[in-house]
Amino acid sequence: MKLIFEKSVAGRRGVRLPKCDVLAELAVPEELKRKQPPDLPEVSELETVRHWTELSRHNFGVDTNFYPLGSCTMKYNPKIGEEVAKYQGFSSLHPLLPQLRQGGVLTQGALQVIYETERLLSEITGMAEFTMQPLAGAHGELTGIMLIAAYHKSKGNRKTKVIIPDSAHGTNPASAAIAGYEVVSVPSNNNGVMDFNEFEKVLNEEVAAVMLTCPNTLGLFNPDIKKIADRTHQVGGLMYYDGANLNAILGKCRPGDIGFDVVHLNLHKTFGTPHGGGGPGAGPVGVKEHLKEFLPISLVVKRPDGTYALEYDRPKSIGYVAPFYGNFGVILKCYVYILLLGREGLIRVAENAVLNANYMMEKLKSYYHLPYDRRCMHEFVLSAKRQKEKGVKALDIAKRLLDFGFHPPTIYFPLIVEEAMMIEPTETESRETLDKFIEAMIQIAGEAEQEPQRLKDAPHNLDISRLDEVTAAREPNLRWKG
Ligand SMILES: *Cc1c(COP(=O)(O)O)cnc(C)c1O
């Protein structure tokens, strides 16, 4: 352990370790040590390398191809985040290290990372404090709604409803329902955002919160947002911001300034961790001053002497929402990402994300139906309605895109658009890549007119054919054929 630590950041900086009982305490006791080597299957280093290299080549990801999966933000994340997460001072820390609870010298760096990331996210969103514990976006939503419930309970408010627009991510109504609220769905208007008059009709004293995604899943910003927040506060409700996709507004506006009381972020979408593949995520939740006392335990605090510690003594806290301290590796990568880009860099993320999406939307809108023809934010939604007249569905277009080496966009979501194709190019792609995708989409629109069967039989260029989805679901064959 000592050796490991000395090789880590602190060690490299020449920090001298004080003598520390914890190191002796951590040694594996003699009686628990193996007497014989374990009976493991033997493979040579070369066989191992070939196995993993082979597997890595079957992987489709942002590192290999363009991946415009709307609402998922499949953007490139700088490799330096992975590099720092590998530092042994971080990667070898164990969550049961007694030093962690006490905020001892071995764990100061990790606690500082959590503390400072929390401060940075508060600044970026205009919130008073964050919990870094939730392990995913949906987990953050549930935590946030639980905080809202704790707030109303402490005030003696009897509130039973949560208002959510019909374009919301499915996790929103699910989180509100799991937290015990009745979900009231509000339709979108012709502009693709929550209809203000319909909203007024269902807004009353029973409303605990309004959950909004802004820009929403159509990639559209709601111009009534301030009015909605003011009206909700007038009836004693709170405003919840689903900030899973913060790309579009980074450094441009802050949910806290607009009037939101609670926000969750997806670090694995916006802040430096690759998304997908079932890997770890993080859905930290930020709150305004009046909700701070309910935040989950533990929280990292900075002591007057400048050292860091974990705090558990919070009588009004909703308690634990996750084991230990959240997904530390993800929090660390977020910290690296924010420091790497800085204020100017984050603003450019937003500008380029929005520019790329609008560029693509403008180039494609004469070939595909664009249900909401107005300036979009970080993503936009096309409809394959016109192609459907020729029998071609969004699914066929998605399959044909595979032939061009692209991951298809999100299809059939949001539910309010027929044959939806939700495209999020992200800020990290070059103009050349965007143009190649646009060309492929235009060619496919032509094929839908001229030879629709070609799309229905796609993909053609891969060594797989179109899955029979029913059989695949009923009799899954998960063996790699090679
Ligand atoms: C991805 C997403 C979520 C859920 O996040 P998970 O980490 O997948 O649980 C919630 N809301 C929106 C708008 C999202 O895009």
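Phe-66, Phe-406 and Phe-437 come together as one aromatic cluster. That is a good place to start looking at this structure, which is a predicted model.

Two members of the cluster, Phe-66 and Phe-406, make an edge-to-face pair, because their ring planes stand at 85° and planes over 60 degrees apart count as edge-to-face. The centres of these two rings are 6.0 Å apart. If you trace the chain, you will find Phe-66 in the loop between α4 (45-57) and α5 (80-86), while Phe-406 sits in the loop between α17 (394-403) and β11 (410-411). The pair therefore joins distant parts of the chain, 340 residues apart. Are these two rings buried or exposed? Phe-66 has a relative accessible area of 5%, so it is buried. Phe-406 is buried as well, at 8%.

A second edge-to-face pair is formed by Tyr-241 and Phe-260. Their ring centres lie 4.9 Å from each other, and the angle between the planes is 75°. This pair also links distant parts of the chain, with the two positions 19 residues apart in numbering. Tyr-241 belongs to strand β5 (residues 238-243), and Phe-260 is in the loop between α13 (255-258) and β6 (262-265). Tyr-241 is buried, with a relative accessible area of 1%, and Phe-260 is buried too, at 0%. Across the whole structure, a search finds 10 aromatic pairs.

Aromatic rings can also have a charge for a neighbour. The charged end of Lys-227 sits over the ring of Phe-196, at 4.2 Å from the ring centre.

## Around the ligand

Now turn to the ligand. How many residues surround it? There are 14, and the closest are Ser-71, Gly-137, Asp-242, His-268 and Lys-269. By type, the residues of this shell divide into 3 nonpolar, 8 polar and 3 charged. Two helices, α9 (137-155) and α14 (267-270), each supply at least two residues of the shell. Of the contributing elements, α9 gives the most, with 3 residues.

Three side chains place a polar atom by an oxygen atom of the ligand, as the table shows.

| Residue | Distance from its side-chain polar atom to a ligand oxygen atom |
|---|---|
| Asn-245 | 3.2 Å |
| His-268 | 2.7 Å |
| Lys-269 | 2.7 Å |

How much of the ligand does the protein bury? Taken alone, the ligand exposes 380 Å², and the protein buries 88% of that.

## Backbone details worth a look

Some places along the backbone deserve a visit of their own. Most residues other than glycine have a negative phi, and most peptide bonds are trans.

With that in mind, look at the bond from Ile-297 to Ser-298, which is cis, with omega near 0°. Ser-298 lies in the loop between β7 (285-287) and β8 (299-302). Another cis peptide bond joins Phe-413 and Pro-414, and here omega is about 0°. You can find Pro-414 in the loop between β11 and β12 (420-423).

Next come two threonines with a positive phi. Thr-73 has a phi of about 50° although it is not a glycine. Thr-73 is located in the loop between α4 and α5, which is also the loop that holds Phe-66. Is Thr-73 buried or exposed? With a relative accessible area of 2%, Thr-73 is buried, because buried means under 20%. Thr-426 has a positive phi as well, near 70°. The loop between β12 and α18 (431-450) is the place of Thr-426, and this residue counts as buried at 1% relative accessibility.

## A side chain and a backbone nitrogen

One last stop is Asn-222, in the loop between β4 (207-212) and α12 (225-234). Asn-222 is buried, with a relative accessible area of 5%. What lies 2.8 Å from a polar atom of the side chain of Asn-222? The backbone nitrogen of Asp-224 does. This is a polar contact, because the two atoms are within 3.5 Å.

Conventions: Residues numbered from 1 in each chain as written. Predicted model: local features only at pLDDT ≥ 70, side-chain atom pairs only at ≥ 80, totals over all residues. Heavy atoms only, no water. Near = heavy atom within 4 Å. Polar contact = N/O pair within 3.5 Å; in protein donor to acceptor, adjacent residues only side chain to side chain. Areas by Shrake-Rupley, 256 points an atom, 1.4 Å probe, with all protein chains shown as cover. Helix = DSSP H or I, 4+ residues; strand = E, 2+ residues; numbered from the N terminus. Nonpolar A, V, L, I, M, F, W, Y, C, P; charged D, E, K, R; others polar. Phe/Tyr/Trp six-rings, centres within 6.5 Å; stacked < 30°, edge-to-face > 60°. Buried < 20%, exposed > 50% of the residue type's maximum accessible area, 1.4 Å probe, protein only. Lys NZ or Arg CZ within 6 Å of the ring centre and 35° of its normal.
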